[in-house]
Amino acid sequence: MKINSCLILFLMLCSSCQQKPEASAESKIANDSNQTKRNNDAVFKYVEAFKGTLPCADCPGIVTEITFINDNLLYHETDTYMERNVTNQLTGSYTTDRGYKEDDDATVYVLDDDKRGHERRFLKLNDSTILMLDGKGEIIHTTLNYQLYRVK
């Protein structure tokens, strides 16, 4: 009788220590899908913003901020003319060209606001700086500053 009692007690303890059953395959797929969606949302909501003061012919400068939104390849630009209280907003699409002159790894942002002949280019100098290029896509050789800096 003691053996039977001990065996029953042993079996009861073993059954109470069982691991939780594995999640169903459907549940695992749903969880994986939700995690992938969160990861993709983080990737596709990525934006890069650059800001600086560009030269102006008849004012002290144009405070320019350009935000690149990579999920739909759109950009948004705000230009504020100093001492005028005038602000212009531009929105358009952009592409990136790979390579510039001898640097095959360089990145050039090509901004298109849908105005004919108004395409503009910015050369990415490093992770924190882009340089506005002239209408022919060349570096502007001047003492004036045509650089925009990453906004944190």
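This report describes the strand architecture, the largest pocket, the disulfide and two loop residues of a predicted model.

## Barrel architecture

The model contains a closed barrel of eight strands, in the order β1-β2-β3-β4-β5-β6-β7-β8, and the pairing is antiparallel. Within this sheet, neighbouring strands are turned against each other by 30 degrees on average, direction ignored. Strands of a sheet pair through backbone hydrogen bonds, in either a parallel or an antiparallel sense.

## Strand pairings in detail

Strand β1 covers residues 47–54 and is joined to β2 by eight bridges, the two strands running antiparallel. One of the residue pairs in this arrangement is that of Gly 52, whose bridge partner in β2 is Thr 64. β1 also pairs with strand β8, residues 147–150, in the antiparallel sense and over two bridges. Here Phe 50 stands opposite Arg 150 in β8.

Further along the chain, strand β6 (residues 120–126) and strand β7 (residues 129–132) run antiparallel and are joined by four bridges. In this pairing Asn 126 stands opposite Thr 129 of β7.

## Largest pocket

The largest pocket holds about 160 Å³ of space. Its lining consists of Leu 54, Ile 62, Thr 64, Glu 77, Asp 79, Tyr 81, Leu 90, Lys 115, His 118, Arg 120 and Met 132. By class, five of the lining residues are nonpolar, two are polar and four are charged.

Which strands each supply at least two residues of the lining of the largest pocket? They are β2, spanning 62–69, and β3, spanning 74–81. The largest share, three residues, comes from β3. Thr 64 connects two parts of this description: the residue belongs to the pocket lining, and in β2 Thr 64 is also the bridge partner of Gly 52.

## Disulfide

The disulfide count for the model comes to one. The bond is formed by Cys 56 and Cys 59, with their sulfur atoms 2.4 Å apart; this separation satisfies the criterion of a sulfur pair within 2.5 Å. Is the disulfide of Cys 56 and Cys 59 right-handed or left-handed? The torsion about the S-S bond is about 120 degrees, and the disulfide is therefore right-handed.

Both cysteines fall under the 20% limit of relative accessible area that defines a buried residue. Cys 56 counts as buried because its relative accessibility is 18%. Cys 59, at 14% relative accessibility, likewise counts as buried.

## Positive phi in the β3–β4 loop

Most residues other than glycine have a negative phi. Against this background, two residues in the loop between β3 and β4 merit individual description.

Glu 83 lies in the loop that leads from β3 to β4, the latter strand covering 86–100. The phi of Glu 83 is near 65 degrees, a positive value in a residue other than glycine. Is Glu 83 buried or exposed? With a relative accessibility of 73%, Glu 83 counts as exposed, since the cut-off for that class is over 50%.

Asn 85 is found in the loop between β3 and β4 as well. Its phi is near 60 degrees, again a positive value in a residue other than glycine. Because its relative accessibility is 80%, Asn 85 counts as exposed.

Notes: Residues are numbered from 1 along each chain as its sequence is written. This is a predicted model: local features need pLDDT of at least 70, side-chain atom pairs count only at pLDDT 80 or more; totals for chains, interfaces and linings use all residues. Side-chain values use heavy atoms; hydrogens and water are left out. Two strands pair if DSSP finds at least two bridges between them. Axes are lines fitted to C-alpha atoms, for helices over the stretch in contact, and angles run from 0 to 180 degrees between N-to-C directions. On a 1 Å grid over the protein atoms alone, a cavity is a set of points where a 1.4 Å probe fits but cannot get out, and a pocket is an open set with protein on both sides within 12 Å along at least five of seven lines; lining residues have an atom within 4 Å of a point. Grid points are joined across faces, edges and corners, and a volume is the space filled by probe spheres set on the points. Ala, Val, Leu, Ile, Met, Phe, Trp, Tyr, Cys and Pro count as nonpolar, Asp, Glu, Lys and Arg as charged, and the others, Gly among them, as polar. Buried means under 20% relative accessible area, exposed over 50%, partly exposed in between (1.4 Å probe, protein chains only).
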